[in-house]
Amino acid sequence: MRISRLAGALIVLLGYLAGPGPASATGCWVPGTHVSIQHALNDRVCTAVVLEHRVYPESIEIERGGIRIAGPGSSTPAVIQGHVALRDTDGVVDLTDLRIMNGCQSEALSVAKGSRIEGHNVQVSHETGLPCPPSINIF
């Protein structure tokens with residue numbers, strides 16, 4: 001089972017790296033190469049952040065464009081349980097195979113003026129019964 005998950009994640013990553021986007025895309029895995037989604041986003045080397053099928057209890061801020069955040073596949077999306085904020089990214093952010101669930105007082109997904117988002121198989125919901133995780137900043 002573990003090998004098939006790894007093979008599936010590798011196939012997903014190769015598909016994203018072969019798709020449109022920066023020619024020098026670098027994949028980062030959470031968990032794996034990085035301890036959190038925010039940690040991978042803060043790493044300027046990462047242009048494709050690949051998530052496992054699990055719940056990530058963190059709020060994240062995306063402050064640059066040209067990045068993909070992708071779950072493991074359409075039948076098993078990764079769940080971000082917190083607020084996702086796109087700041088002035090100056091480019092497109094691609095969210096794929098994700099479920100964003102927020103229990104915070106703010107909206108589940110916010111997109112600042114000037115930022116652009118593309119989504120494929122993304123569900124966004126605000127559910128007041130969920131906990132509100134703090135933002136994680138790791139530099």
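Start at the N terminus and follow the chain: its elements run α-β-α-β-β-β-β-β-β-β-β-β. That gives two helices and 10 strands to visit in this predicted model.

**The whole chain**

Before zooming in, colour the model by pLDDT. The average over the chain is 79, and 71% of the residues score at least 70. Now select residues 1–23, where pLDDT stays under 50. For that stretch, the model has 22 contacts beyond four places in sequence.

Next, switch on a surface. The accessible surface comes to about 7,400 Å², and carbon and sulfur atoms hold 58% of that area. Of the 139 residues in the chain, 42% are buried. If you draw a contact map, look well away from the diagonal: among contacts with a separation of 6 or more, 54% link residues 24 or more positions apart.

**Stop one: a three-strand sheet**

Select β4 (60–62), β7 (residues 84–86) and β9 (109–111). These strands form an open sheet in the order β4-β7-β9, with parallel pairing. β4 and β9 are the edge strands; each has a single partner strand, so one side of each lacks a neighbour in the sheet. From one strand to the next, the twist averages 10°.

Zoom in on the β4 side of this sheet. Three bridges hold the parallel pair β4 and β7. To see a bridge pair, pick Ile-60 and then Val-84, its partner in β7.

**Stop two: β6 and its partners**

Move to strand β6, residues 78–81. Which residues cover its two faces? On one side sit Ala-78 and Ile-80, on the other Val-79 and Gln-81, and all of them are buried.

Now bring in the partners of β6. Strand β3 (residues 55–56) pairs with β6 in the parallel sense over two bridges. Show Tyr-56 here, and you will find Ile-80 of β6 opposite. β6 also runs parallel to β8, and four bridges join these two strands. For an example, select Gln-81 together with Met-101, its bridge partner in β8.

**Stop three: His-83, just past β6**

Step on into the loop between β6 and β7, where His-83 has its place. Is His-83 buried or exposed? His-83 has a relative accessible area of 13%, below the 20% cut-off, so it counts as buried. Display side chains and look for Ser-110: its side chain makes a polar contact with that of His-83 at 3.2 Å. Apart from neighbours within four places in sequence, His-83 is in contact with Ser-59, Ile-60, Asn-102, Ser-106, Glu-107, Ala-108 and Ser-110. You have already met Ile-60 as the bridge partner of Val-84.

**Stop four: Asp-94 in β8**

Select strand β8, residues 92–102, and pick out Asp-94. This acidic side chain belongs to a buried residue, with a relative accessible area of 11%. What does its side chain meet in a polar contact? The partner is the side chain of Arg-68, at 3.5 Å. Expand the selection to everything Asp-94 touches, leaving out residues up to four places away in sequence, and you get Ile-67, Arg-68, Ile-69, Glu-118 and His-120.

**Stop five: Gly-65 in a loop**

Go to the loop between β4 and β5 (67–70) and select Gly-65. Gly-65 is partly exposed, at 21% relative accessible area. Now measure from its C-alpha to that of Thr-89: the two residues are 24 apart in sequence, yet 4.7 Å apart in space. Besides Thr-89, Gly-65 contacts Gly-91, Val-92 and Val-93, with neighbours within four places in sequence set aside.

**Last stop: Asp-43 after α2**

Finish in the loop between α2 (37–42) and β2 (48–51), where Asp-43 lies. With 25% relative accessibility, Asp-43 counts as partly exposed. Which residues does Asp-43 touch, not counting those up to four places away in sequence? They are His-34 and Arg-64. For a closing distance, select Cys-28: it lies 15 residues from Asp-43 in sequence and 9.2 Å away in space, C-alpha to C-alpha.

Conventions: Residues numbered from 1 in each chain as written. Predicted model: local features only at pLDDT ≥ 70, side-chain atom pairs only at ≥ 80, totals over all residues. Heavy atoms only, no water. Buried < 20%, exposed > 50% of the residue type's maximum accessible area, 1.4 Å probe, protein only. Contact = heavy atoms within 4.5 Å. Areas by Shrake-Rupley, 256 points an atom, 1.4 Å probe, with all protein chains shown as cover. Pairing = 2+ DSSP bridges. Axes fitted to C-alpha atoms, helices over the stretch in contact; angles between N-to-C directions. pLDDT = per-residue confidence, 0-100. Polar contact = N/O pair within 3.5 Å; in protein donor to acceptor, adjacent residues only side chain to side chain.
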